[in-house]
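User: I would like to go through this model step by step, beginning with how far it can be trusted and then turning to its features. Could you take my questions in turn?

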Amino acid sequence: MGMNKTTVDSLVESLKQKGFRVTAARRGMLEVFLSHHVPQTASELIEKLEQKKIAADKTTVYREVAFLVEQGIVRDVDFGDGQKRYERADEHHHHLICSNCQSVEDIEVDKDIGRIERAIAKRTKFVIQRHLFEFFGLCQRCA
C-alpha cells in the first residue's frame with residue numbers, strides 16, 4: 001500500500017484545526033507511519049526522516065512520538081526487548097518477530113484473537129481494553 005497523500009494531508013489539517021503547528025519533522029513522521037506498516041523504533045524513525053532530508057535528533061523524535069501518541073494517531077508496541085516501537089493507532093495487527101535478525105512481519109489472526117478475547121472476557125468477567133499478541137522465533141532465512 002503506497003503513500004496515502006490524502007491521509008497525511010487530512011491528519012495535518014485536523015492537527016492544524018486543533019491549533020497545533022505541523023513542523024517538517026511532524027509531517028515527516030506522519031508520512032513514515034502511514035507508509036510503513038511495521039512498528040518503528042526511534043532510531044528507525046530518525047533514519048527514515050534523514051532519508052527525507054529532515055534533520056531530527058532523538059529528543060525531537062521522542063517529543064513528536066509522545067505528541068502523536070497523545071493525539072491518538074500512534075501507539076507504542078512492546079516486543080519485550082527493551083526497545084520501544086511505535087505504529088499507527090488505527091491499525092491493530094500482530095507480528096512475527098525474528099529473535100535472530102529482528103525482522104518483523106505482520107500476521108492476520110484477528111478473527112481467532114477476537115474469539116479468544118471474547119471467551120476470556122466472558123469466563124473471567126474481565127473488561128479487556130486492549131491486548132498485545134506477538135510471536136517470537138526464527139524467520140525462514142534464520143531458521
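Analyst: This is a predicted model, and pLDDT is the predictor's confidence in each residue, on a scale from 0 to 100.

User: What average pLDDT does the protein reach?

Analyst: Of the residues, 94% score at least 70. Where pLDDT is low, the predicted coordinates should not be read in detail. Taken over the protein, the average pLDDT is 86.

User: Which element has the lowest mean pLDDT, and which the highest?

Analyst: At the lower end stands strand E4, residues 104-107, with a mean of 79. At the upper end the mean is 94, for residues 42-51, so named as helix H3 under the numbering of elements from the N terminus. The lowest is therefore strand E4 and the highest helix H3.

User: Does the span of helix H4 agree or disagree with what its number of residues leads one to expect?

Analyst: Helix H4 covers residues 58-70, which makes 13 residues, and at 1.5 Å a residue these should span 18 Å. The C-alpha atoms at its ends are 18 Å apart, so the span agrees.

User: Within what arc do the buried residues of H4 fall?

Analyst: The buried residues of H4 are Thr60, Val61, Glu64, Val65, Phe67 and Leu68. Seen down the helix axis, they line one face of H4, because they fall within an arc of 160°.

User: Which exposed residues does H4 carry on the face turned away from its buried side?

Analyst: An α-helix has 3.6 residues a turn, so residues three or four places apart point the same way. On the face of H4 turned away from the buried side, the exposed residues are Thr59, Arg63 and Glu70.

User: Is Lys53, which has a positive phi, buried or exposed?

Analyst: Lys53 lies in the loop between H3 and H4, and its phi is about 65° although it is not a glycine. A residue counts as exposed when its relative accessible area is over 50%. Lys53 has a relative accessibility of 76%, and therefore counts as exposed.

User: Which strand gives the most residues to the lining of the largest pocket?

Analyst: The largest pocket has a volume of about 180 Å³, and its lining includes Leu96, Ile97, Cys98, Glu105 and Arg141. The lining residues divide into five nonpolar, three polar and two charged. The most, three residues, come from strand E3 (residues 94-98).

Terms used
Residues numbered from 1 in each chain as written. Predicted model: local features only at pLDDT ≥ 70, side-chain atom pairs only at ≥ 80, totals over all residues. Heavy atoms only, no water. Helix = DSSP H or I, 4+ residues; strand = E, 2+ residues; numbered from the N terminus. 1 Å grid on protein atoms, 1.4 Å probe; cavity = no way out; pocket = protein on both sides within 12 Å on 5 of 7 lines; lining within 4 Å. Points joined across faces, edges and corners; volume = space filled by probe spheres on them. Nonpolar A, V, L, I, M, F, W, Y, C, P; charged D, E, K, R; others polar. Expected span 1.5 Å × (residues − 1). Buried < 20%, exposed > 50% of the residue type's maximum accessible area, 1.4 Å probe, protein only. Arc of directions from axis to C-beta.
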